[in-house]
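Biologist: I am new to reading protein models, and I would like to learn with an example open in front of us. Could you take me through one, feature by feature?

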Amino acid sequence: MTYRAFLGLGSNLGTREDFLNRAAAELRRTPGVHLVWCSPVYETDPWGDVPQGRFLNAALEIETTLDPPGLLAEIKRIERQVGRTAGERWGPREIDIDILLYDGLVHSGDGLTVPHPSLAERRFVLVPLREIAPDVVHPVTGLTVTEMADACRDGTRVVRSPHHIRS
């Protein structure tokens, strides 16, 4: 069976655009994952209290035959392969890949919560996601991505970047 999922990508260390592109390329090469669509890239203020540089963020739509824990395992492998190093929680990172939504599923366990528990609170995720999935419905709140983005009170700066993810 094939499932539709949405991922968030972010980077604020090193050659940020390169990290996003390398992660997308690895996703394309991953068995059981088909990259359907990439949002434009946005430059965003960091979220949280840790002082750090701006992020580049994007959202991806994928089709996958992997279950959520299997997809998470592949994402963690890709993060390591692309160059993510251990760091402080919500701190700077070379690459971060999050499962945002997974085919209307609500899942908690195996070190994974889907939908992403902070999805509705983060403009840096919602703005790119709205570009590719405006009418997708959050399975817990019943709100569309557009409705969540419009209601989001996160005041961080989110600006479309000239960078892009190569197809």
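Modeller: We will go through helices, single residues, backbone angles, and then the spaces inside. Keep in mind that this is a predicted model.

Biologist: Let's start with a helix. Which residues of α2 are buried?

Modeller: A residue counts as buried when its relative accessible area is under 20%. In α2, the buried residues are Pro68, Leu71, Leu72, Ile75, Ile78, Glu79 and Val82. Viewed down the axis of α2, these buried residues fall within an arc of 120°, so they line one face of the helix.

Biologist: And how far does α2 reach from its first C-alpha to its last?

Modeller: Helix α2 runs over residues 68-82, which makes 15 residues, and it reaches 21 Å. That is close to the 21 Å expected at 1.5 Å a residue.

Biologist: What about α3: how many of its residues are buried?

Modeller: The count is 7 of the 10 residues, so α3 is largely enclosed by the rest of the structure. The buried ones are Phe124, Val125, Leu126, Val127, Pro128, Leu129 and Ile132.

Biologist: Now some single residues. Where is Phe19 found, and is Phe19 buried or exposed?

Modeller: Phe19 sits in helix α1, residues 16-29. With 10% relative accessibility, Phe19 counts as buried, because the cut-off is under 20%. Sequence distance and distance in space are separate things to read: Phe19 and Ile165 are 146 residues apart in sequence, and their C-alpha atoms are 9.8 Å apart in space.

Biologist: Can we do the same with a residue in a strand? Where does Leu35 lie?

Modeller: Leu35 lies in strand β2, residues 33-38. Its relative accessible area is 13%, so Leu35 is buried. The C-alpha atoms of Leu35 and Ala24 are separated by 8.0 Å, with their positions 11 residues apart along the chain.

Biologist: And where is Trp47 found?

Modeller: Trp47 is in the loop between β3 and β4. Its relative accessible area is 25%, so Trp47 is partly exposed. Its C-alpha atom is 11 Å from that of Val158, and the two residues are 111 apart along the chain.

Biologist: I would also like to look at cysteines. How many disulfides does the structure hold?

Modeller: The structure holds 0 disulfides. You can still read how accessible a cysteine is: Cys38 is partly exposed at 21% relative accessible area, while Cys152 counts as buried at 12%.

Biologist: What should I look for in the backbone?

Modeller: Most residues other than glycine have a negative phi, and most peptide bonds are trans. With that in mind, look at Asp103, where phi is near 50°, a positive value. Asp103 lies in the loop between β5 and β6, and Asp103 is partly exposed, with a relative accessible area of 43%.

Biologist: Which value does phi take at Asp110?

Modeller: Phi of Asp110 is near 60°, again positive in a residue other than glycine. Asp110 is in the loop between β6 and β7, and with 56% relative accessible area Asp110 is exposed.

Biologist: And the peptide bonds? Which residues does a cis peptide bond join?

Modeller: A cis peptide bond, with omega about 0°, joins Val114 and Pro115. You will find Pro115 in the loop between β7 and α3.

Biologist: Last topic: empty space. How much space lies in the largest pocket?

Modeller: A pocket is open, whereas a cavity is a space that the probe cannot get out of. The largest pocket holds about 780 Å³. It is lined by 38 residues, and the closest to its centre are Arg93, Asp96, Asp98, His116 and Arg122. Elements giving two or more residues to this lining include β1, β4, α2 and α3. By class, the lining has 17 nonpolar, 12 polar and 9 charged residues.

Biologist: How many cavities of 30 Å³ or more does the search find?

Modeller: The search of the whole structure finds 1, with about 40 Å³ of space in the largest cavity. Its lining is made by Asp98, Leu100, His116, Ser118, Leu119, Arg122 and Val125. These divide into 3 nonpolar, 2 polar and 2 charged residues. Asp98, His116 and Arg122 are also named among the residues closest to the centre of the largest pocket.

How values were computed: Residues are numbered from 1 along each chain as its sequence is written. This is a predicted model: local features need pLDDT of at least 70, side-chain atom pairs count only at pLDDT 80 or more; totals for chains, interfaces and linings use all residues. Side-chain values use heavy atoms; hydrogens and water are left out. On a 1 Å grid over the protein atoms alone, a cavity is a set of points where a 1.4 Å probe fits but cannot get out, and a pocket is an open set with protein on both sides within 12 Å along at least five of seven lines; lining residues have an atom within 4 Å of a point. Grid points are joined across faces, edges and corners, and a volume is the space filled by probe spheres set on the points. Ala, Val, Leu, Ile, Met, Phe, Trp, Tyr, Cys and Pro count as nonpolar, Asp, Glu, Lys and Arg as charged, and the others, Gly among them, as polar. A disulfide is a pair of cysteine sulfur atoms within 2.5 Å. Buried means under 20% relative accessible area, exposed over 50%, partly exposed in between (1.4 Å probe, protein chains only). Helices (H or I, at least four residues) and strands (E, at least two) are DSSP runs, numbered from the N terminus. The expected span of a helix is 1.5 Å times one less than its number of residues. The arc is that of the directions from the helix axis to the C-beta atoms.
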